[in-house]
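Subject: Structure handover

Hi,

Here is the structure for you to load. My notes on what turned up follow below.

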Amino acid sequence: MPENKFFSTVKLVFNYLLKYLNIGWDYFLVYREKFLLFFNRNAVTKVWKGFIYVIFGIGILILAVDINFLWLFGSSPSIQKLENPKLEQASELFTADGIMIGKYYQENRVPVDYSRISPILIKALVATEDVRFYKHSGIDMQAIGSILFSLVKGDSRGGSTITQQLAKNLYRTRGQSSKGLFSFIPGINTLIIKTKEWITAVKLERAYTKEEIVTMYLNTVDFGSRAFGIKTACQTYFNSAPDQINIQEAAMLVGLLKATTTYSPILNPKKSLKRRNVVLEQMAKDNIITKFEADSISKLPIELRYYVEKHYDGAGTYFRGIMNNYLKEWCKQNGYDLYTDGLKIYTTIDSRMQKHAELAVEDHMKNLQKKFYNHWKGQNPWIDENKKEIPDFIETVAKRTQRYLTLVKKFGEKHDSVNIIMNTPRKMTVFTWEGEKDTTLSPIDSIKYYKYFLHAGFLLIDPYTGHIKSWVGGINYKYFKYDHVRQASRQPGSTFKPFVYLTAIEKGYSPCHKMIDRPVSIEYEENNEKKVWVPHNSDRVFTGDSMTLRRAMAKSVNSITAQLTERVGWKSVVEYAKKLGIKSPLKAVPSVGLGSSDVNLYEMVGAYATFLNNGVYTRPMFITRIEDRNGNIIHDFVPYKQQVISEESAFLMMHMLKGGLEEPGGTSQALFEFDLFRGNEFGGKTGTSNNHSDGWFMGLTKDFVAGTWVGGDDRCIHFRTSAMGEGARTALPIFGKFMERVYADKDLGIKMGYFPKPKIKITKPYNCRTRIKAKIDTSAVIISDSSATILEQ
């Protein structure tokens, strides 16, 4: 082939390939002509032709790798991926008042804009990692040619540019999905990887500005300590922001990029300091700072404000745990990845109310736990119905633990090693109400230690919107992850009685209807078996008094509730409870009205909200909207609402619930112990299950409905007396303490006040408040509300 034709052919193909390098054909011809000036033309032509063959071969390799010829090289980033890079980004959870309370991530990363990054940090990065960053087009030819010389010289800079490193981080060029058939050949694999990174780097340079590239790089890199991206790194190491760090902090962060473990200021502080000073020297060499500044700063120690963000940090930990399951399912159904897509989830929670709720639970439970310890001093609190300690209780619980099951799988159930390991003390950190404590306990002893703790749940809802404002699922999420708002179901005791009275009102009864407190015996059939139910009042006394339904519910009189259940039908009671949102299985038996079926706090609060919301059931909701990483709304959540009872019945039930404080002997009168009654009005219902295992309180104000539960981890763990174990003593104080905090918080703007007047004509009589001549000190009255004998047959 004639020389001119040969060069024309090569030029045609090679010019296409050279576009990746942003270098034209004329660039090579200039150097060819320089050779010709000094050497024999014919000899140089032969050398030049050989050189062209080599370059042509390289070009063919680049093209083959780029198009993944015959699937030999593995895939490369597409044009779409290059133009729309998907950076793994944490999804963030926000409260209704704009406070971020949690993240969901595989890599804890929150990107920042170029304008929010300190210029000194960018200069330090370029000086250390890629000194010709602003001069090359993705590949630093000079650096590649001098790698060996640089290593001999001791220069720490390698041949990879910032853009190449970005290509590697952003598109996972070394991952399994990028491998082809040739990738499994040693040596060839490295050549293919580097070729892909060169190609991708050049493409990135053509698609983005230098500012965009350096920003993407700083948002992608791993800084160690589970800190991905510069924003999380600044927060983790210095409790600062990328636009606020100083020279020495910037130098330390840049120094980490060489090897996050080797130069970690936590794991290897001396090496980290030395590496930081190398970066300072490089900055001085490139005239970013003076030599005097570099020398002065080099003498300073590394000062950290180190803290690694944990999933259980911050407020609303139980709420976030529940949200996790919901959001994963929502993302699965809607084609999103909760942990990488950078979603912005806006919840209904109010951060201030959440804080007040958590503090109220902590304050009360800390004191209640002390009383519980004193109550059981010298004895174990796990007892049976006859108040006898349950033998081998802890050993039985231990056999359900993952540790025990793992040991059995390894050694066999009857092997001595299982028992030895379970009873061998070891160092551990345990929860106490005075803070975490380092101690030495065996696994068996640790189970016993934790079984002594009482637990709690608290939920607050806006009844008009269905928005959940506070959610406290337990006493400490780090040590007790089981949620007592929605996961746990327990007997509600007397807090279930309002569903009986609602059924009666819907069937024609009025709050003023009178019934007699007398012994009751109810015959019924269950599973084709005839049974007799004989309930008792909590004090096992029947007064024989005639009283209104309002007072009967206020005093929580079991006998009247049982009679009313029989009259309206226990199946009807179950139906109305279901109408109001109770989803838990309810047994249609006479004792259902006294709370014999397990329910959870979440559905109970939602049901009670119907009374305040004029008979409209609004399904409790905890998310208002979800946005993508760019702030575009991808889903708006609207509450489900349905009129389930008449407006009149709803008003009458609110009037009945106020009776807990207004009627003589009302079980909610412990609320008078709190500073809440300056032109204010409450509705409330206490509840206590069998043997005082569960204490409940449902509280209503003009603005909110709240529910509180308190009890042991197991039903056999509880107080032994009504004076200690009643819901009025265990659960109600949390509501009282919470409301005191809410009214004292002027920023919330929630004021005391009265319930709204009815907007319709009330046809049934209801103004029949019980009057007694004896003067009652309501500030000290605590009346039993227990349904403790509801299951006696």
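**Strand β3 and its partners**

Strand β3 (residues 344–347) is covered on both faces: Lys-344 and Tyr-346 on one side, Ile-345 and Thr-347 on the other, are all buried. Buried means under 20% relative accessible area, exposed over 50%, and partly exposed in between (1.4 Å probe, protein chains only). Helices (H or I, at least four residues) and strands (E, at least two) are DSSP runs, numbered from the N terminus.

This is a predicted model: local features need pLDDT of at least 70, side-chain atom pairs count only at pLDDT 80 or more, and totals for chains, interfaces and linings use all residues. Residues are numbered from 1 along each chain as its sequence is written, and side-chain values use heavy atoms, with hydrogens and water left out.

Two strands pair with β3. Strand β1 (residues 91–94) runs parallel to β3, joined by three bridges. Phe-94 stands opposite Tyr-346. Strand β13 (residues 623–627) runs antiparallel to β3, with four bridges. There, Arg-625 is the bridge partner of Tyr-346. Pairing of strands requires at least two DSSP bridges between them.

**Helix α16 and the aromatic pairs**

Ser-351 has its place in helix α16. Ser-351 counts as buried, at 18% relative accessibility. Leaving aside neighbours within four places in sequence, Ser-351 is in contact with Thr-95, Asp-97 and Ile-99. Contact means heavy atoms within 4.5 Å.

Phe-372 is in the same helix, α16 (residues 351–375). How many aromatic pairs does a search of the whole structure find? The search finds 37. In one of them, the ring centres of Phe-372 and Phe-719 are 5.1 Å apart and the planes are at 90°, so the pair is edge-to-face. The cut-offs: rings of Phe, Tyr and Trp (its six-membered ring) pair if their centres lie within 6.5 Å; planes under 30 degrees apart count as stacked, over 60 as edge-to-face and the rest as tilted.

This pair links distant parts of the chain, 347 residues apart. Phe-719 lies in the loop between β18 (705–712) and α27 (722–725). Both rings belong to buried residues: Phe-372 has a relative accessible area of 0%, and Phe-719 is at 3%.

Ring pairs also build a cluster. Its members are Tyr-373, Trp-382, Phe-393, Phe-431, Trp-433, Tyr-449, Tyr-450, Tyr-452, Phe-453, Tyr-479 and Phe-480.

Two charges sit over rings. Arg-275 lies over the face of Tyr-263, 5.8 Å from the ring centre. Lys-481 has its charged end over the ring of Tyr-477, at 5.3 Å from the centre. The test is NZ of Lys or CZ of Arg within 6 Å of the ring centre and within 35 degrees of the ring normal.

**The five-stranded sheet**

An open sheet holds five strands in the order β7-β6-β18-β17-β16, with antiparallel pairing. Strands β7 (468–472) and β16 (683–688) are the edges, and each pairs on one side only. From one strand to the next, the twist averages 10°. Strand β6 (residues 454–461) is joined to β7 by four bridges. Leu-459 stands opposite Trp-471 in β7.

Helix α29 (residues 732–744) lies across β6, β7, β16, β17 (694–700) and β18. Helix α29 runs at about 50° to β6. Axes are lines fitted to C-alpha atoms, for helices over the stretch in contact, and angles run from 0 to 180 degrees between N-to-C directions.

**Cysteines**

The structure holds one disulfide. It joins Cys-512 to Cys-768, S to S 2.1 Å. The criterion is a pair of cysteine sulfur atoms within 2.5 Å. The link is left-handed, with -100° about the S-S bond. Cys-512 lies in the loop between α21 (497–506) and β8 (514–516) and Cys-768 in the segment after α29, so the disulfide ties together parts 256 residues apart in sequence. Cys-768 counts as buried at 17% relative accessibility.

Also buried are Cys-234, with a relative accessible area of 0%, and Cys-331, at 2%.

**Helix α23**

Helix α23 (residues 558–568) is largely enclosed by the rest of the structure, because nine of its eleven residues are buried. Among them are Asn-558, Gln-563 and Val-568. Just after α23, Gly-569 takes a positive phi of about 95°.

Best wishes
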